[in-house]
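Welcome! Here is a short, friendly tour for anyone opening this structure for the first time.

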Amino acid sequence: MNWRYRHTVLTLCMLAFFVTYFARLAISPVVPLIIDDFGVSNTAVGVALSGMWFAYGLSQFPSGILADRYGERRVILVAVGGTTAMSLLLALVPVFPAFVLAAVLLGLAAGLHYAVATTLLSRTFDDLGTAVGLHSLGGPLAGLVAPVAATWVGFRYGWRPGVALAAVVGVPIFVLFARRVRPTEPRRPDQPMSERLRIGPLLELVGRREILVPLAVATLGTYVAQGVISFLPTFLVELREYTPAFAGGVFSAFFVVRAGAQVGLGRLSDRVGRDASIAASLLGGALGLAGLVALPDLARLPVAVGLPALPEVVALGVVVFLAGLGSSFFSAIDPRFMDALGDAERGAGFGLIRTVYTVIGSAGSVGVGLVADLFGWGASFLVIAGMAGVAFLVISVNALVGEGR
């Protein structure tokens, strides 16, 4: 496989991930318009969005089984094509129950992509961490573009065109992927699907020490990242009393950091080891989230050693950089799982692992919001800072006792 084709595959996988992420993020900015149009509550729309994210996590496992049977290329095409079609359906639904159903179907289609694309890249690249990091750029790039584009279109032309923007980017990327990526050979084309769903082998796989420990770390880290992505702007407005516009700018900066950090961590994991890279990311996240709570004190900290106080915006930049680093551990931990799986296990096995930590970790949105309602935003972010710290300790101890990679 020549250099040019390998990087064509990588680029198109990244763009496919961009489509599936864009479609999910394009809904949130126009939620107020959806509520007004259908005459429903915030809770009702929250149920639709929770259903979408839950379905996204749930479809990771069957995506691996389907890839083993039909090949990665076909499944990724279904993911991109299905996401595009469901975005259009979401924009056309006449009643709210149909909106909920379309949102869940959108999550199911989008969830077919990531695990399968990672498996395809494991066939294509030796430096898998670097490749996964570059592939994961699709998510932060969508995080930069989708909210801005959907907000501008939505408030000018209505929420339906805002949501349908995903189809505008989805169609050309679907065509490019179909034309430029060659068919991939299925790993298990003749094995009955029922054999892949037996509980015993699945429990044995996730119960292996080399899987179970990083799986616990990935679950904690996903919970933290989901909470930050869901509520960082609200935290900055409610606790720090920044303007919504400034908080939105900080949120965009968070995604810029996340984009660069995912590439850097992936490359670092290929050079110095997976666990060291994961630990560095999670330690940064723990310090950054705690720093967001202690921000005024951090700005005054240099005074204690006789130096002028920092401008708060400088201290904010440092802690946002660390928080962005903490949410970027996926580009190191996903290759860690692939390293622990045999070639024949990577399709369904990695899909199962992604389903476990994505579904459980998706509770971060609910958990962070609940703690904030009960005890305030400061306590809420300190809790997830502590969880990032626990994840750092777990992966560090695992490496020190000789079980790391």
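The notes below go through one helix, one residue and one pair of packed helices.

This is a predicted model. The tour starts with helix H6, moves on to Thr 20, and ends with helices H13 and H15.

**Helix H6**
- Helix H6 covers residues 96-110, which is 15 residues.
- From its first C-alpha to its last, H6 reaches 21 Å, close to the 21 Å expected at 1.5 Å a residue.
- The buried residues of H6 are Phe 96, Phe 99, Ala 102, Ala 103, Leu 106, Gly 107, Ala 109 and Ala 110.
- These buried residues cover an arc of only 165 degrees around the axis, so they lie on the same side of H6.
- Turn to the other side of H6 and you find Pro 97 and Leu 101, which are exposed.

**Thr 20**
- Thr 20 has its place in helix H1, residues 3-25.
- With a relative accessible area of 0%, Thr 20 is buried.
- Setting aside neighbours within four places in sequence, Thr 20 is in contact with Ala 79, Thr 83, Ala 110 and His 113.
- Thr 20 and Ala 109 are 89 residues apart in sequence, yet their C-alpha atoms are 8.2 Å apart in space.

**Helices H13 and H15**
- Helix H13 (residues 209-238) packs with helix H15 (residues 274-293) at an angle of about 30 degrees, and their axes are 12 Å apart.
- That angle makes H13 roughly parallel to H15.
- The crossing of H13 past H15 is left-handed.
- On the H13 side, Val 217, Val 224, Val 228, Leu 232, Phe 235 and Leu 236 meet Ile 278, Leu 282, Leu 289, Leu 292 and Val 293 in H15.

Methods
Residues are numbered from 1 along each chain as its sequence is written. This is a predicted model: local features need pLDDT of at least 70, side-chain atom pairs count only at pLDDT 80 or more; totals for chains, interfaces and linings use all residues. Side-chain values use heavy atoms; hydrogens and water are left out. Helices (H or I, at least four residues) and strands (E, at least two) are DSSP runs, numbered from the N terminus. The expected span of a helix is 1.5 Å times one less than its number of residues. Buried means under 20% relative accessible area, exposed over 50%, partly exposed in between (1.4 Å probe, protein chains only). The arc is that of the directions from the helix axis to the C-beta atoms. Contact means heavy atoms within 4.5 Å. Axes are lines fitted to C-alpha atoms, for helices over the stretch in contact, and angles run from 0 to 180 degrees between N-to-C directions. Angles under 35 degrees count as roughly parallel, over 145 as roughly antiparallel, 65 to 115 as roughly perpendicular and the rest as oblique. A crossing is left-handed if the near helix is turned anticlockwise from the far one by less than a right angle, and right-handed if clockwise.
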